[in-house]
4 protein chains.
Amino acid sequence: MRTARVFRLSMAHPGDLSELEDLIERGTIKAADVAAIIGKTEGNGGVNDFTRGYFTQTLMALLSKHLGRPATELIREIPCVLSGGTEGVMSPHYSVFCVSEGAAKRHPSALAIGTAFSAPVPAEEVGRPAHVESVAATVRAAILDAGIERPEDVHFVQVKCPCVTVARAAAAIAAGKTPLTNDPNKSMAFARAAGAFGVAMGLSEIGPDDFTDASLLADFSIQSPRASISSGVEVESNEVVVLGNSPGWAGDLRIAHRPMADALDIGAVVDVLADLSIAASPQVSAADAGRIASVLVKCEPDRRGRIRGHRHTMLDDTDINAQRHIRGAVAGLVAGVIGDGRIFVSGGAEHQGPDGGGLIAVIASQEEAG
Amino acid sequence: MRTARVFRLSMAHPGDLSELEDLIERGTIKAADVAAIIGKTEGNGGVNDFTRGYFTQTLMALLSKHLGRPATELIREIPCVLSGGTEGVMSPHYSVFCVSEGAAKRHPSALAIGTAFSAPVPAEEVGRPAHVESVAATVRAAILDAGIERPEDVHFVQVKCPCVTVARAAAAIAAGKTPLTNDPNKSMAFARAAGAFGVAMGLSEIGPDDFTDASLLADFSIQSPRASISSGVEVESNEVVVLGNSPGWAGDLRIAHRPMADALDIGAVVDVLADLSIAASPQVSAADAGRIASVLVKCEPDRRGRIRGHRHTMLDDTDINAQRHIRGAVAGLVAGVIGDGRIFVSGGAEHQGPDGGGLIAVIASQEEAG
Amino acid sequence: MRTARVFRLSMAHPGDLSELEDLIERGTIKAADVAAIIGKTEGNGGVNDFTRGYFTQTLMALLSKHLGRPATELIREIPCVLSGGTEGVMSPHYSVFCVSEGAAKRHPSALAIGTAFSAPVPAEEVGRPAHVESVAATVRAAILDAGIERPEDVHFVQVKCPCVTVARAAAAIAAGKTPLTNDPNKSMAFARAAGAFGVAMGLSEIGPDDFTDASLLADFSIQSPRASISSGVEVESNEVVVLGNSPGWAGDLRIAHRPMADALDIGAVVDVLADLSIAASPQVSAADAGRIASVLVKCEPDRRGRIRGHRHTMLDDTDINAQRHIRGAVAGLVAGVIGDGRIFVSGGAEHQGPDGGGLIAVIASQEEAG
Amino acid sequence: MRTARVFRLSMAHPGDLSELEDLIERGTIKAADVAAIIGKTEGNGGVNDFTRGYFTQTLMALLSKHLGRPATELIREIPCVLSGGTEGVMSPHYSVFCVSEGAAKRHPSALAIGTAFSAPVPAEEVGRPAHVESVAATVRAAILDAGIERPEDVHFVQVKCPCVTVARAAAAIAAGKTPLTNDPNKSMAFARAAGAFGVAMGLSEIGPDDFTDASLLADFSIQSPRASISSGVEVESNEVVVLGNSPGWAGDLRIAHRPMADALDIGAVVDVLADLSIAASPQVSAADAGRIASVLVKCEPDRRGRIRGHRHTMLDDTDINAQRHIRGAVAGLVAGVIGDGRIFVSGGAEHQGPDGGGLIAVIASQEEAG
């Protein structure tokens, strides 16, 4: 029987994996058990954020050394999902998701992890229904990998999917294909939309007839509160991490999620904690905070320019990117309830939870603090 | 008997005072009753933030037109305290504090407002004990103006005080004087420290023997959780607004305050609301939110680089100013509890509340929502 | 006979018009002679740059006071064109263009100035051929106003034209019209393109059959090296300032212009100075620098991501806006040749000079330094 | 007889050393010949610029693979000096300095390279006379390594020196020592000053009696137009690269340098090229541009707030760091003269060339373009 463990580790800078190295060297973590990484690095979170690449290079070199396998192989097997930007009270950290076999404490249901990689997505398919289907199939494969039988037991699906670069677009055009756009930023947004639709379809929240090409980035009533999507030039295929609960897994962790209606939705934060039997009145106690293994949030600046009727200025700020604004604000709220800045708050939440809002998922121990 | 009223108004841009103009034209506000303005404009909050000057110019021209008096006089009588920076979920707005005589509903105690201006502070005194004493005397004058008899009934003291510019420093040196520094940014920080010490002294929290020159910006155990200080090149004297409760005032508003221990201190937010009989579980209800007239917060990025043991990245960010980071984060938390982005969150909280934290004050109606 | 004079004045901040006020009070400038203002303010140059509004409000209040006419009228008669952003070595300044009658030194040809305002541009026409035609007609009116007979004597056409705001777009849609876009940033770019096409048409560089709707922001072979366009939400009609040379004007100023092939085109800078008999070897002498009255530059980050074959990083920088990057770089080059940071360098040069480059115009005295 | 070669290579991102790898694999460069690297990466150039660490990690891994030696050793032997920030027209690139033995074309004098590393600098000595002396000794060692006999043949001395971190300062204090400051940013500035003084002393431009502790960051008349200093938390000892000309070296490269009086000093750029028999009238011809192997510039925003009498806004900009401003401006000027954006322009030029200015060094082939 498999057991999922999550280690939330801090870093001194984006190339600092010393805490993981130490745990591997002390035998607490077996390098072969590392199934996925989800982390926040202290970059700007934009196209020119190289903290993600720096961390990934360091991670893969470390695992390569311990596993005796080339980093170029590992990078195609172990999803390493990083969100740049630790605005405000966020603290740079990464969660190492490990899967091991053997004896462990049993609960009726426990955290289950599955991963899957798709075939490369051709440039002309990025951000289109074919991309949606590719993500959906990969999500189903990851659910199968996790051994989760009921779709409602899936609580968080992290997807990292490719976008079109200028070079890839040019190659596609030369081959007689027509990419949706050759603007990398637009392509990233469409890819995130396709990823969210793909998760919704993979979880049977929507069917193939529920949308058309024109729905992506347009019909925001289509959304999944369990989809967390990032897109980047550095990947060519869809990488998926599914997190849920399953009676087939041992260990004492459990996951829950809630949609966030808007950037002020403190109720969603309190509710998801309550789902895990953790009280926040108004803040989680130190003892209960110790039970929390990971906090995962998606959010975005409301595209209509208002929050609960009042104008916000995030979208028109030439100095600070809107995603940096919203991450800092929502992290301030969530960290205040949790009492800890080691939270994953990521922007770009198109179709990932309600429009103008997002979602929150929390992983915590089922064993109440003594 | 005096009555204090507070109008929280929105603006479309920093030169937009149309909501105030409308209220004056409709007779809701008498221009002569305007005692002070405290607002948030959508600048960067730094030295090169001209949204404050733009707003002030527009305000004084408006009042000048309605009062038939020159703007140059009004600016020395009506404190206009603006904090630039509406990061994240904050909404640009301004609170107009009005004082009128005549019949109004009576409560045992109600919001009282007092203002005072000091003589110009010589450049060589800025940031030094003489500056502290000047602020303390001005605070006492403002308390007298407010008619608040018990020091514990003062809940928020806003001070806007001068700093040394390169030109002022040069003039002082030419006159044989020695300014503390000729760096405007350092001077602003020392001036804020002097302002905070001055408030503490004016409120008898500390005495003249409790500190020396060397205590400013060094001994952070000296602080006042009721002091909110801004410093700028545009003023030459200390401008003070005192807010408290007094049995000598009519009206249904009341004010309370709490220190914030750190940037995650959601408890302080909930407690200050409870002081005003407003529940936040976890968010203030829409009905109760309608009772809130003004939310005033000071905060700062913890200078030790950590929040509750975890590294934050605000102080080392070359792209986003640390004050912009912390304002966005704390505003995210406070707005989440209140359910409204029209809150005044200001950085630069040296000696204003606990080190690494700050303070929160809220003005609300005493009449519970029906 | 008319004489054009240009006063290049410095400001301490965007609300500081004291140098102009001083010149008016001393009688050097008659307020009634002020025909147009072109200036650089120290904002960020983006949507949330309020330094332009602050300067304009201060200017119009000043002229209103001296002319005894309401600012609301003056703002529709005197073009005040401001470009935000004094990156790098640029110094905040403004050029006051004055037109007076009476005796003045005669040269065969001298600087001529004309201005014109169009009717308001309906939201559904912004960025479309009807907008192009409106600009073209306004340019022709301004040329007529300047009394310039030969099109080749026009050297610089500054246009400030409206864009669609969310509110204007909504109103148009409600009235059954279809705006090109309701994204203000896109609308501004299309409006600048329409302005450039309008200048090209007004100068007979292109005819109405030389382009279609699809040419704007797409066919960059269509461009005018004499067009300098800004677009903003604050105007509703096209405002045009035409600068050229004419035998019908007195005074000793003259203007010349050159296209800039790319951001490294120092040759264009040297050539335009040579057109005015000013040597730069490599820098303009102090004596000749005193002859220069105004330097006007348009530029943009090459949209193909490369300059002379080498990758630049301006377009992918999440921290600094690309227009701020290019203004700083091109200003560094031009100021280095001129030896003076008081130059007007503006971004957003779509169709204004060669793609990836821009243009430079210089106004200087015809009388060689003694 | 030794020959120095310089390869100027481009990168697609800070972790992209593929051009160097290719040259090594094709045998053009022997990994063992790599003596030093000087490059520009596309970060922000500040404390939180991790592009330098990412590049260095990638470089050392590459050389380690080819040399069969651990990266931890190589990093203490091969100076890798990176300046973050490719503002404006700068193109990310790195110059690989190689030294090989054997037959090569002879000129009377040719580019000579020397490197040296000092012992670690104790925290309490950073930014003080002992640090100056350590740098001076290391500079002398690097000159010896280069075999340059006459001090006037040294044209550029790159120093990378340590600064005090909070942790190092705490350790020093615990050991009873007194660091100059525990603020990393101040420490970096003092360390750069000590580096510049050390170069001046190592080149016998100043003697030990020409300055005191109080001279650093205060007496800007003490400066060396051949000193280029960077400081960072990542090094513990002083790393020095000396570049000059020597009759003892073969090859066709030669170096020259000039001080820059201010940010507009285009004359210095033209003069240093003339020193290498390269004309710029106004721009270097394509043929001559091909002779240029490396362009190295130091600059800084004038601390007095004015350039040639006109106010600049770099020092008061809360949105863009002053060093980013000045790098972009000076790079615009230098790239315009050279006609190429692959130039190394670095800020933080305290005591490195004239106050408010800096210096420029150029390496070029002595063989004139055919």
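**Note on the predicted model: loops, a chain contact and selected residues**

1. S277(B) is placed in the loop that runs between α7 (266–275) and α8 (286–289) of chain B. The model under review is a predicted one. The phi angle of S277(B) is near 60 degrees, which is a positive value in a residue other than glycine. How accessible is S277(B)? Its relative accessibility is 42%, and S277(B) therefore counts as partly exposed, since that value lies between the limits of 20% and 50%.

2. A second serine of chain B, S204(B), deserves a similar remark. S204(B) has a positive phi of about 60 degrees, although it is not a glycine. The residue sits in the loop between α6 (184–202) and β7 (227–232) of chain B. Is S204(B) buried or exposed? With a relative accessible area of 61%, S204(B) is exposed, because this value is over 50%.

3. The next point concerns peptide bonds. In chain A, the bond from S281(A) to P282(A) is cis, with omega near -5 degrees. P282(A) belongs to the loop between α7 and α8 (286–289) of chain A. In chain D, the bond from S281(D) to P282(D) is cis, with omega near -5 degrees. P282(D) is located in the loop between α7 (266–275) and α8 (286–289) of chain D.

4. The contact between chain A and chain B may be considered next. How many residues does each chain give to this contact? Chain A contributes 41 residues, and chain B contributes 41 residues. The size of an interface is often given as the accessible area lost when the parts come together. For chain A and chain B, the buried area is about 3,100 Å², and carbon and sulfur atoms give 58% of it. In chain A, the residues that lose the most area to chain B are L264(A), H310(A) and R311(A), which together account for 20% of what that side buries.

5. Polar and charged pairs across this interface are as follows. The rule finds four salt bridges between chain A and chain B. A salt bridge joins the side chains of R311(A) and E42(B), at 2.7 Å from N to O. In addition, 18 residue pairs are in polar contact across the interface, with each residue at pLDDT 80 or more.

6. Which elements of chain A give two or more residues to the side that touches chain B? They are α7 (266–275), β13 (310–311) and α9 (322–338) of chain A. The largest share, nine residues, comes from α9(A). Sorted by class, this side of chain A has 17 nonpolar, 15 polar and nine charged residues.

7. The UniProt record, an unreviewed entry, places the feature "binding site" at several residues of chain A, including R52(A), G84(A), R327(A) and G347(A). G84(A) is in strand β3 (residues 80–84) of chain A. Its relative accessible area is 2%, and G84(A) is therefore buried, because this is under 20%. Apart from neighbours within four places in sequence, G84(A) is in contact with residues that include K40(A), D49(A), R52(A) and R327(A).

8. G347(A), which the record lists under the feature "binding site", lies in the loop between β14 (344–346) and β15 (358–365) of chain A. G347(A) is buried, with a relative accessible area of 12%. Not counting residues up to four places away in sequence, G347(A) touches K298(A), C299(A), Q323(A) and R327(A). R327(A) thus appears among the contacts of G84(A) and among those of G347(A).

9. In chain D, S294(D) is part of strand β11 (residues 292–298). At 3% relative accessibility, S294(D) counts as buried. Its contacts beyond four places in sequence are V6(D), S95(D), F97(D), A361(D), V362(D) and I363(D). The side chains of S294(D) and S95(D) are joined by a polar contact of 3.4 Å. S294(D) and K160(D) are 134 residues apart in sequence and 19 Å apart in space, C-alpha to C-alpha.

10. The last residue is H257(B), found in strand β10 (residues 253–260) of chain B. Why does H257(B) count as buried? Its relative accessibility is 17%, and the limit for this class is under 20%. The side chain of H257(B) makes a polar contact of 2.9 Å with the side chain of H155(B). Leaving aside neighbours within four places in sequence, H257(B) is in contact with H155(B), P225(B), R226(B), V272(B), D275(B), I360(B) and A361(B).

How values were computed. Residues numbered from 1 in each chain as written. Chains lettered and ligands numbered in written order. Predicted model: local features only at pLDDT ≥ 70, side-chain atom pairs only at ≥ 80, totals over all residues. Heavy atoms only, no water. Contact = heavy atoms within 4.5 Å. Buried area = accessible area lost by both parts, 1.4 Å probe. Polar contact = N/O pair within 3.5 Å; in protein donor to acceptor, adjacent residues only side chain to side chain. Helix = DSSP H or I, 4+ residues; strand = E, 2+ residues; numbered from the N terminus. Nonpolar A, V, L, I, M, F, W, Y, C, P; charged D, E, K, R; others polar. UniProt positions renumbered as here; feature names shortened; annotations may be inferred. Buried < 20%, exposed > 50% of the residue type's maximum accessible area, 1.4 Å probe, protein only.
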